[in-house]
Amino acid sequence: MKKLILLVCGFILLSDSHAQTKELNIATNKTISLVFPFPVRHVDRGTRDILVQQVKEADNILLVKAAGKEFVPTNLSVITQDGSLYSFSVVYNADPAQWIYKLPSNTKASIATYSNGILDNPATMSGIRDHKWDIEAAIAGIYIKESVIYYQLRVKNYSAIDYDIDFLRFYIRDKKKGKRTAAQENELKPLYIAGNTREVKGNNQSTLVVALDKFTIPDAKYMAVEINERNGGRHLLMKVSNRRIIRAIPLPDLH
């Protein structure tokens with residue numbers, strides 16, 4: 001169970017969530033310190049010409065030295081707890097100009113880690129739901145971390161027919177509109193979606209977590225969550241008020 005509220009999180013390997021490759025100058029008689037925003041979980045050396053050591057008292061720091069002089073340029077890859085991949089081009093330099101490297105956090109990887117970590121959380125709210133022909137969808141939880149809000153959705157299929165998802169939309173809509181006034185919609189683009197967005201098998205359920213930029217809603221509007229069935233008519237619509245959003249549960253830091 002990946003209950004992120006309790007900070008029980010694993011790291012996730014994300015091939016597209018790496019920091020920009022940096023050049024690392026190392027020597028045999030000087031130690032280079034790499035300071036990461038999260039604990040180091042995996043290290044891969046291009047060759048044995050690189051010596052690495054993780055600091056026991058601070059597992060987010062990696063110490064690097066050269067095993068010998070004038071080696072062929074190689075590389076070093078480091079994966080941290082939040083799923084970020086840091087790549088370094090390593091060359092020999094008898095007198096490195098920089099001894100300490102403080103690496104920035106990878107925002108995209110952190111969003112993915114939080115989203116996947118919330119998937120198995122138990123429901124923390126009720127009352128926002130819709131159902132049609134043995135298909136039910138509900139908002140099971142709303143969480144927030146810094147400038148990102150995470151929406152946990154549960155879709156239950158009580159029928160024997162698979163529910164194929166055509167699309168999932170989030171948008172802001174007016175609560176009321178005049179007869180001659182077109183409804184005003186402002187679509188919200190997800191930063192990341194965790195879970196199976198393709199289908200919900202018959203007599204089964206699926207959980208999704210959608211990460212969106214932080215926002216609040218004026219009193220005259222609501223956030224609509226729309227799920228449409230491909231080649232079918234079991235379309236679902238949930239309405240989320242600002243009152244629910246401002247009660248989002250804060251998520252802990254990934255340490």
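How many bridges join E3 to strand E6 (residues 74–80), and in which direction do the two strands run, parallel or antiparallel? Five bridges join them, and the two strands run antiparallel. Please keep in mind as you read that this is a predicted model.

**The open sheet**

Strands E3 and E6 belong to an open sheet of four strands, ordered E1-E7-E6-E3, with mixed pairing. At its edges lie E1 and strand E3 (40–45), each of which pairs on one side only. From one strand to the next, the twist averages 30°. In general, the strands of a sheet pair through backbone hydrogen bonds, either parallel or antiparallel. If you would like a concrete position to look at in the E3 and E6 pair, try Asp44, which stands opposite Ser77 in E6.

**Leu24 and Ser33**

The edge strand E1 (residues 22–26) holds Leu24. Leu24 counts as buried because its relative accessibility is 0%. Leaving out residues up to four places away in sequence, Leu24 touches Ile32, Leu34, Val64, Leu76, Phe88, Ser89, Val90, Val91 and Tyr101. Leu24 can also be paired with Asn93 for a distance check: the two are 69 residues apart in sequence, yet their C-alpha atoms are 9.1 Å apart in space.

Ser33 sits in strand E2 (residues 32–35). With the same exclusion of residues up to four places away, Ser33 touches Leu62, Leu63, Trp99, Ile100 and Tyr101. Its C-alpha atom is separated by 9.7 Å from that of Gln53, 20 residues apart along the chain.

**The largest nonpolar core**

Now for the largest nonpolar core, which has 30 residues. Which of them touch the most other members? They are Tyr151, Leu153, Phe170, Met223 and Ile227. Six strands each supply at least two residues of this core: E10 (135–145), E11 (148–157), E12 (163–174), E16 (204–213), E17 (221–229) and E18 (236–240). E12 gives the largest share, five residues. Apart from this core lies another, of 20 residues, including Ile32, Ile50, Val64 and Tyr101.

Ile227 is a good place to zoom in. Beyond its neighbours within four places in sequence, Ile227 is in contact with Ala137, Leu153, Val155, Tyr163, Ile165, Phe167, Leu168, Arg234, His235, Leu236 and Met238.

**Asn228 and Glu136**

Asn228 is found in strand E17. Apart from residues up to four places away in sequence, Asn228 touches Tyr163, Asp164, Ile165, Asp166, Phe167 and His235.

Glu136 lies in strand E10. Its side chain makes a polar contact with the side chain of Arg129, at 2.6 Å. Setting aside neighbours within four places in sequence, Glu136 is in contact with Arg129, Asp130, His131, Arg154, Val155, Lys156, Tyr158 and Leu236.

Are these polar residues buried or exposed? The table gives the values for each.

| Residue | Relative accessibility | Class |
|---|---|---|
| Ser33 | 17% | buried |
| Asn228 | 10% | buried |
| Glu136 | 17% | buried |

Ser33 counts as buried because its 17% lies under the 20% cut-off. Asn228, at 10%, is buried for that reason too. Glu136, at 17%, also falls under 20% and therefore counts as buried.

Methods:
Residues are numbered from 1 along each chain as its sequence is written. This is a predicted model: local features need pLDDT of at least 70, side-chain atom pairs count only at pLDDT 80 or more; totals for chains, interfaces and linings use all residues. Side-chain values use heavy atoms; hydrogens and water are left out. A nonpolar core is a set of buried Ala, Val, Leu, Ile, Met, Phe, Trp, Tyr and Cys residues joined through side-chain atoms within 4.5 Å. Buried means under 20% relative accessible area, exposed over 50%, partly exposed in between (1.4 Å probe, protein chains only). Contact means heavy atoms within 4.5 Å. Two strands pair if DSSP finds at least two bridges between them. Axes are lines fitted to C-alpha atoms, for helices over the stretch in contact, and angles run from 0 to 180 degrees between N-to-C directions. A polar contact is a pair of N or O atoms within 3.5 Å; within protein, one must be able to donate a hydrogen and the other to accept it, and residues adjacent in sequence count only if both atoms are side-chain atoms.
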